[in-house]
Amino acid sequence: MKLTDLRGILQYIPQFREKTFILAIDGAIVTDDNFATLMLDVALLWSLNIRVVLVHGASAQIQSLANGRQVKASDLDGSGVTDAATLDLALTAANRLTHEILEGLSANDLRAAYANVILAHPVGILQGVDHLFTGKVERVDTDLLNSLLAQGVVPVIPPLGFDGDGKTYRVNSDGVAVAVAEQLKAIKLIFVTTQDGLIYRGSLIPQMLVAELGKILQQDSAGFAPEMISKAQHAAAACSAGVPRVHVINGALDEGLLGEVFSNHGIGTLIHANEYEHIRPAKKKDARAIQLLIKQGVEADELVKRTKAVIEKSVGDYFIFEIDKNPVACVALHVYPDEKKGELASLYVSSSHENQGIGRKLVQFVEGRAREMGLKELLALSTQAFTYFQFKGGFTEGTPDDLPPARREKYEQSGRRSKVLVKKLG
Ligand SMILES: CC(C)(COP(=O)(O)OP(=O)(O)OC[C@H]1O[C@@H](n2cnc3c(N)ncnc32)[C@H](O)[C@@H]1OP(=O)(O)O)[C@@H](O)C(=O)NCCC(=O)NCCS
C-alpha cells in the first residue's frame, strides 16, 4: 500500500466515525477463500470507530445440507414456503454459519455475539398457499443491538426470527438487513455477494439514484439476473426507507469491501437516496485540491501550469465537482466584462471518473452561468480536447482574433498554439 492511499482513507473518517454500517453477507461468501480477509476488514472498520453489524444468509449451505441428507428443501432464501424439514436445515445451516462468523471475528480480536433481535410472525397464507415456517420481520430489538454496539461487541444476526411464543421462523436475510439498517439508522448497507454488483442487461451499474432503480424494477426487472432481483429490490427498499447509501459488492474480491467504502468511485454498485454529486464554487482552501486535480493534465500538456498562488488569486472563478464530498473534477470561468466574453478554462476530470458525463455537466454549468451573467460568447482554448468542445459542447473553431486583447497577448506569449473554440450565447 502507498502511504498516500492512507490519506485518501483518512478523509472519510470524520463522516463515518460512530456511524453504523450493516454488512449483509451471503452464506456462500462465508465459505469463500476471501472470508478471512473480509473479517480482517471488519476489524479495520471497527478500529476506525465504525459500528458494524453483520447479517448473514444461509441459502448456499441449506442447499448443500439438503443434498447431503438427500432431501429437497422447500425454499432456499426464506421468501417461499418453509416446511418443517427445511426449517430444520435452515437452523442447522444458520447456526453453523453464525458460529463461523464468530470464529472469524474472534481471530481478529473482535468481541462478537449472536444477536437474537428479529421478532417475526408467520408470513401466513398468500394466494391460498400456506408459507408455514417462513416469517416476516415484525420488529428489530434495537435496544439489544445498541447495547451490544455500545459495549464494543459486533452483533451477528442469522436469517431466523422468533415470535412471542418462542417459535422460530425462517426469514429472508436481505429483508432482515434492510429492517436492521432502517431501524438502527445505518448510513450504509452493504450487500456482500458472489457477484460484482448489480448487473443490468449485461453491464455493471456503478451508481444509480434509487428513483431510477425503482423505475427499472417496475418496467424491466427481467434485465437483472434472477438471483440479483432480490438484492436490487432490497437495495431500493432500504434507500426508500432512509438508508442513504446501499452498496452491492463482490465478497470474493480481495479489496472488495475497503475499495467500495474508501473510494469515491467504488468497485461494485452504489444505490443512493439523493444526489451525491454536485458542483460548488471553489474556496481559497480548495486551491491545493485544484492544483492536484489538474496536475495530470498539465503533465500531459493538456492544461497550462498554474501555481497554487495563481489559482488562489482567481479562486472565485473556479468550480469543483464533488462526489460524496470529494473533488473529482474542476472548471473555471474567467470573465472579460468589457467584451462580454467568458473563457471556460482548467476543465479537468480525474482519470478515474472519465466518460461518465462529468465533463459535459461542467461545460453546461459554465455555459449556464455565462448566460446568467449576460455574456455573449463563451471561449475555450484547447490543445487536445478541441473535438470534445466541438462535438459534445457545441463550440465551433474560431481564431485568436476572437480572444479579448489582453487574453490574446497572453495567448501569443504562451506559444502553446491551442485551438480557439467559440460558442455564441446569443
Ligand atoms: C476532456 C475531458 C474534460 C472530458 O471529460 P469526461 O467527463 O471524461 O467527458 P464526458 O463524459 O462528458 O464525455 C465523454 C465523451 O467525450 C469523448 N472525449 C473525452 N476526451 C476527449 C478528447 N480529449 N477529445 C475528444 N473527445 C473526447 C469520449 O470519447 C466520450 O465520447 P462518447 O460520449 O461518444 O463515448 C477530460 O477527458 C479531461 O479532463 N481531459 C484532460 C484535460 C483537458 O483536455 N481539458 C480541456 C482543456 S480546458
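**Exercise 1. Decide whether Ser346 is buried or exposed, and say what marks its backbone.**

*Solution.* At a relative accessibility of 4%, Ser346 counts as buried, because the cut-off for that class is under 20%. Keep in mind that this is a predicted model. Next, place the residue: Ser346 sits in strand β20, which covers residues 341–349. Finally, look at the backbone: the phi of Ser346 is near 50°, a positive value in a residue other than glycine. As background, most residues other than glycine have a negative phi.

**Exercise 2. Find where Leu132 lies and classify its accessibility.**

*Solution.* Start with the location: Leu132 belongs to the loop between β6 (129–130) and β7 (135–140). Its relative accessible area is 37%. Partly exposed runs between 20% and 50%, so Leu132 is partly exposed. Now check the backbone: Leu132 is not a glycine, and yet its phi is positive, about 50°.

**Exercise 3. Work out how the axes of helices α9 and α10 are arranged.**

*Solution.* Take it in three steps.

1. Helix α9 spans residues 210–220 and helix α10 spans residues 226–240; their axes come within 10 Å and cross at roughly 140°.
2. Angles over 145 degrees count as roughly antiparallel, and 65 to 115 as roughly perpendicular. The crossing falls in neither class, so α9 is oblique to α10.
3. For the hand, the crossing of α9 and α10 is left-handed.

**Exercise 4. List the residues through which α9 meets α10, and sort the contact by class.**

*Solution.* From α9 come Val210, Leu213 and Leu217, and they meet Ala232, Gln233, Ala235, Ala236, Cys239 and Ser240 of α10. Sorting by class gives seven nonpolar, two polar and no charged residues in this contact.

**Exercise 5. Describe α10 itself: its span, its buried residues and what covers them.**

*Solution.* Begin with the length. Helix α10 has 15 residues and reaches 22 Å from its first C-alpha to its last, close to the 21 Å expected at 1.5 Å a residue.

Then turn to burial. The buried residues of α10 are Met228, Ile229, Ser230, Lys231, Ala232, His234, Ala235, Ala236, Ala238 and Cys239. Their cover includes α8 (173–183), β11 (188–193), α9, β15 and β16 (269–272).

To finish, step past the helix: α10 is followed by Gly242, which has a positive phi near 110°.

**Exercise 6. Determine which residues surround Arg245, and whether Arg245 is buried or exposed.**

*Solution.* Arg245 lies in strand β15, residues 245–250. With a relative accessible area of 12%, Arg245 is buried. Not counting residues up to four places away in sequence, Arg245 touches Ile187, Lys188, Leu189, Leu270, Ile271, His272, Asn274, Tyr276 and Asp324.

**Exercise 7. Characterise Gly394.**

*Solution.* Gly394 is in the loop between α15 (386–391) and β22 (396–397), and its relative accessible area of 44% makes it partly exposed. Leaving aside neighbours within four places in sequence, the contacts of Gly394 are Phe389 and Lys423. For a sense of distance, 54 Å separates the C-alpha atoms of Gly394 and Thr31, which are 363 residues apart along the chain.

**Exercise 8. Summarise the whole protein in figures.**

*Solution.* Count the elements: the protein has 16 helices and 23 strands. Its C-alpha trace spans about 85 × 45 × 35 Å along the principal axes. Of its 426 residues, 49% count as buried. Among contacts between residues at least 6 apart in sequence, 71% join residues at least 24 apart.

Terms used:
Residues are numbered from 1 along each chain as its sequence is written. This is a predicted model: local features need pLDDT of at least 70, side-chain atom pairs count only at pLDDT 80 or more; totals for chains, interfaces and linings use all residues. Side-chain values use heavy atoms; hydrogens and water are left out. Helices (H or I, at least four residues) and strands (E, at least two) are DSSP runs, numbered from the N terminus. Buried means under 20% relative accessible area, exposed over 50%, partly exposed in between (1.4 Å probe, protein chains only). Contact means heavy atoms within 4.5 Å. Axes are lines fitted to C-alpha atoms, for helices over the stretch in contact, and angles run from 0 to 180 degrees between N-to-C directions. Angles under 35 degrees count as roughly parallel, over 145 as roughly antiparallel, 65 to 115 as roughly perpendicular and the rest as oblique. A crossing is left-handed if the near helix is turned anticlockwise from the far one by less than a right angle, and right-handed if clockwise. Ala, Val, Leu, Ile, Met, Phe, Trp, Tyr, Cys and Pro count as nonpolar, Asp, Glu, Lys and Arg as charged, and the others, Gly among them, as polar. The expected span of a helix is 1.5 Å times one less than its number of residues.
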